[in-house]
Amino acid sequence: MNKTKNTTPRKVNPLTSEKFTGLEVTSPKTVAAGIEAVKSALHHIAKEAGMVRGNRILLKANQKKGFDCPGCAWPDPQTRSKIAEYCENGAKAIAEETTLKRVDPAFFKKHSVEELSQWSDYELGKSGRLTHPVLLKADSSHYEAISWDDAFAMIGQKLNDLDSPDEAIFYTSGRTSNEAAFMYQLFVRQFGTNNLPDCSNMCHESSGTALSETLGIGKGSVTLEDFDEAEVIVVMGQNPGTNHPRMLTALQSAKKQGAKIVHINPLPETGLVAFKNPQKLNGWVGSTSSSALSDLFLQVRINGDMAVLKAILKLMAEQDAQGGQKVFDYEFIKQYTTGFEAFLEDIEKVNLEECIQQSGIDKALLEQTADLLSRHNKIIVCWAMGLTQHENAVGVIQQVVNLLLVKGSIGKPGAGTCPVRGHSNVQGDRTMGIWEKPSQMFLDNLAKNFSFTPPQHHGYDTVEAIKAMYEGKAHVFFAMGGNFLSATPDTEYTAKALQNCQLTVQVSTKLNRSHLITGHEALILPCLGRTELDMQASGKQFVSVENSMGVVHQSRGHLKPASAHLLSEPMIVAKLAQATLQNSATDWSTLVGNYDQVREHIEATIPGFEQYNQRVRQPNGFHLPNVARERKFKNGQAFFTVHPLPQNKLASKEFIMMTIRSHDQYNTTIYGLDDRYRGIYNERRVVLMNREDMQEFGIQSQQKVDLMSSYEGVERTAPAFLVVPYDIPKRCVATYFPEANVLVPIDSVAFKSNTPTSKYVVVTINA
Ligand SMILES: Nc1nc2c(c(=O)[nH]1)N[C@H]1C(S)=C(S)[C@@H](COP(=O)(O)OP(=O)(O)OC[C@H]3O[C@@H](n4cnc5c(=O)[nH]c(N)nc54)[C@H](O)[C@@H]3O)O[C@H]1N2
Ligand SMILES: Nc1nc2c(c(=O)[nH]1)N[C@H]1C(S)=C(S)[C@@H](COP(=O)(O)OP(=O)(O)OC[C@H]3O[C@@H](n4cnc5c(=O)[nH]c(N)nc54)[C@H](O)[C@@H]3O)O[C@H]1N2
Ligand SMILES: [Mo]
């Protein structure tokens, strides 16, 4: 193909604007949810969707005949609350999608791409729903309307002009339904590549890698019902009060039945401290009774988790060796596991002092935790990004598995692994084959059912995809949802990578920065959201999704679409396939005309989906098989593994920075400027810092500082952040994602999973 370089680069800003918006700081909240959450939810829904309409929409959220909340992947209980089976942040996600504001061709005529790139992410997102397909021509400053047919013809042509299918990249964000995802990967593989990076590469990839190596399945092993039987629930590296608020209800219920909760986090996250259930009447009206959820809080240093786990295991091994009480489950270990001796030998060598130093947790607290775990046998460990986005993430998660294995806490009621997923269908997308490293069995099944030869070599993951575009090895970038530019690491590097492309295409519901930092030419293809009615040739359709615990269920939108010009994601894939593939044996029109047909193909291709169309129509959906839950490990065995303590050495002026979510955002979508639980209002360009560190470095509260990261000789700067004194371990700081992504080096990734180390960026602070 003619690989013209981007000759007229527009002066676009890949970063959100640095204007300050008026920081206010109060003390962090001690109670999560309750009346404040209700007020906040209603405020967002009324402002975006209208009060009456908005409330009608909310009543359908997560109901058996309603739509799956586009917020998180936390599962729905068997018995749903009639008033509110959603949470404050789910309501905000729904408000974002059901907003009455519109981004139409007139909007694009008015605002150039250069101008829009000067807006903040917050302002971009608040502009409204995208209504028409639009094209940004190579020499143009503004997007303009294009017909769907012309848009597909253009993409088809660009794809077919490539020298190899591997010069195209097909990204997926985790909201895409099973049906759309299955069709999408089928199209991409018929086109001839496995270049299917997804948001999972930046999210729970480390969990998937760690768990498949040890337990034979990359998914968690517990169900929601297990929470009610658990004796101890450990929550590590996760902020459920903000990111999975409905998990607090499960924790509260577990606690009522006697479970103890251990919280391991550098921050005392609100919600685990105390929680008022807004789904109960006393929560809605703000009764004074609130429950302290966590029994033990280990305020670990960033990436001190390996030290904590090793110390606890060492103390447990000592108790076990003393006899008296049964600490380790030797029957389970003998029958189901391999590698226990090597594991125990490593644990016996652990230097407790070193672990105390590295984790920042004192001996007494480590002993209390070890004692609690020694005395109980039904243990669930939950975790999220605080564990997965580190260089040694896979090792830390495998150490969690070791802990569960010694207790026999896998595959029995009330016990197991619980990686808490992010996007509402990120787990389902992977099940559907959105993966750059598909298994041979999956490819063979595709070949058999669709009469073609799928590409056999692996494709690019997210980090590899960015590098390929940067190095000029890939020329077309297509995104099924998401905000690739702002979600990925090293924003300026990624911007150059995208700008190197011939064509960038975004299938989206809302405007974001990835629409502004584009290839030579760019398209935005607007699609239906979860809440909207999806009509196809055979009538009203529903889609299906898989939650964090492997339950597949339906999601049915009811609202009139935001614009008459929107297509569903499955329809976009079908039209893309028709415009691109010359010899496809698949009848894409028939397929998309009735999603039951897509589900029949899924059933024929992917194990666990027997009688898919029938079972997905059951009110609670169905559980996919899970070898860890059923103790049917690969070759009958689960594996203990051995992992070293990380080095984590800092030079005299260095800090470890974690990039986290505020209470008012959904990844790169900024709902508002408040982080209510942390007491930070009206500003996102903040860095949370320990008070003693501030004193030592002569930094004042709300002082403006620049953050610098230096990695393998490359300097990166994020200017102008305001310092907020916070209860965070010394030499640890926190900033919000995506403002600080510019500091995350593209080469700093987790071993094996290749996940960017978004929770471990070494920085210096320039006052
Ligand atoms: N409202 C809302 N809901 C969401 C999202 C959202 O943005 N907004 N995002 C969705 C997505 S895609 C995901 S993946 C999930 C993310 O859910 P979380 O993983 O809860 O999100 P983060 O804000 O990244 O929080 C990570 C937590 O880990 C802690 N942490 C950081 N480093 C370490 C460490 O080294 N050790 C330990 N023990 N803890 C550490 C941080 O203090 C923080 O509490 O939420 C999903 N749900
Ligand atoms: N520094 C740092 N970086 C991170 C993280 C971190 O903790 N720190 N977290 C990482 C994680 S866990 C994740 S999952 C990724 C998230 O990465 P992405 O999934 O790529 O990003 P999102 O912000 O969730 O995508 C938001 C966009 O999706 C589009 N959208 C919303 N709903 C729909 C829909 O129904 N269909 C379609 N087609 N589009 C829709 C909207 O246009 C919206 O602007 O970010 C990662 N990046
Ligand atoms: Mo995520």
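The following legends describe close-up views of a predicted model.

**View 1. The surroundings of ligand 1.** A shell of 31 residues encloses ligand 1, and Glu 269, Asn 303, Asp 305, Gln 665 and Asn 667 are the closest of them. By class, this shell consists of twelve nonpolar, 15 polar and four charged residues. Ligand 1 lies between domain 3 (209-419) and domain 4 (654-766), because both domains give residues to the shell around it.

**View 2. Polar contacts and burial of ligand 1.** Two nitrogen contacts and one oxygen contact are shown in this view. A nitrogen atom of ligand 1 and an N or O atom in the side chain of Asp 305 are 2.7 Å apart. Asn 89 places a polar side-chain atom 3.3 Å from a nitrogen atom of ligand 1. Asn 303 takes part through its backbone, where an N or O atom lies 2.6 Å from an oxygen atom of the ligand. Ligand 1 taken alone exposes 910 Å², of which the protein buries 99%. Two or more residues of the shell come from each of helix 10 (240-243), helix 18 (385-388), strand 24 (654-660) and strand 25 (665-666).

**View 3. The surroundings of ligand 2.** Around ligand 2 there are 30 residues, and those that come nearest are Tyr 171, Ser 173, Ala 487, Glu 569 and Thr 668. The shell is made up of ten nonpolar, 15 polar and five charged residues. Domain 2 (102-203 + 438-623) and domain 4 (654-766) each contribute at least three residues to the shell around ligand 2.

**View 4. Polar contacts and burial of ligand 2.** The side chains of Glu 569, Arg 175 and Lys 759 are shown with the ligand atoms that they approach. In the side chain of Glu 569, an N or O atom is 2.6 Å from a nitrogen atom of ligand 2. A polar side-chain atom of Arg 175 also lies 2.8 Å from a nitrogen atom of the ligand. For Lys 759, the partner is an oxygen atom of ligand 2, at 2.9 Å from an N or O atom in the side chain. When ligand 2 is taken alone, 930 Å² is exposed, and the protein buries 96% of that area.

**View 5. An open, parallel sheet of five strands.** The strands follow the order 11-9-8-13-14 and pair in parallel. Strand 11 (296-298) and strand 14 (416-419) form the edges, each pairing on one side only. Neighbouring strands of the sheet are turned against each other by 15 degrees on average, direction ignored. In general, strands of a sheet pair through backbone hydrogen bonds, in either a parallel or an antiparallel manner.

**View 6. The pairing of strand 8 and strand 9.** Five bridges link strand 8 (residues 232-236) to strand 9 (residues 260-264), and the sense of this pairing is parallel. Ile 233 has Ile 261 of strand 9 opposite it.

**View 7. The cis peptide bond before Pro 738.** The bond that joins Phe 737 and Pro 738 is cis, with omega of about 10 degrees. Pro 738 belongs to the loop between strand 31 (732-736) and strand 32 (761-766).

**View 8. The backbone at Asn 648.** Asn 648 is a residue other than glycine with a positive phi, near 45 degrees. This residue, Asn 648, is placed in the loop between strand 23 (638-639) and strand 24.

Definitions and conventions. Residues are numbered from 1 along each chain as its sequence is written. Chains are lettered from A and ligands numbered from 1 in the order in which they are written. This is a predicted model: local features need pLDDT of at least 70, side-chain atom pairs count only at pLDDT 80 or more; totals for chains, interfaces and linings use all residues. Side-chain values use heavy atoms; hydrogens and water are left out. A residue is near a molecule or strand if one of its heavy atoms lies within 4 Å of it. A polar contact is a pair of N or O atoms within 3.5 Å; within protein, one must be able to donate a hydrogen and the other to accept it, and residues adjacent in sequence count only if both atoms are side-chain atoms. Accessible areas come from the Shrake-Rupley method with a 1.4 Å probe; for residues, only the protein chains shown count as cover. Ala, Val, Leu, Ile, Met, Phe, Trp, Tyr, Cys and Pro count as nonpolar, Asp, Glu, Lys and Arg as charged, and the others, Gly among them, as polar. Domain bounds come from an automatic or database domain assignment. Two strands pair if DSSP finds at least two bridges between them. Helices (H or I, at least four residues) and strands (E, at least two) are DSSP runs, numbered from the N terminus. Axes are lines fitted to C-alpha atoms, for helices over the stretch in contact, and angles run from 0 to 180 degrees between N-to-C directions.
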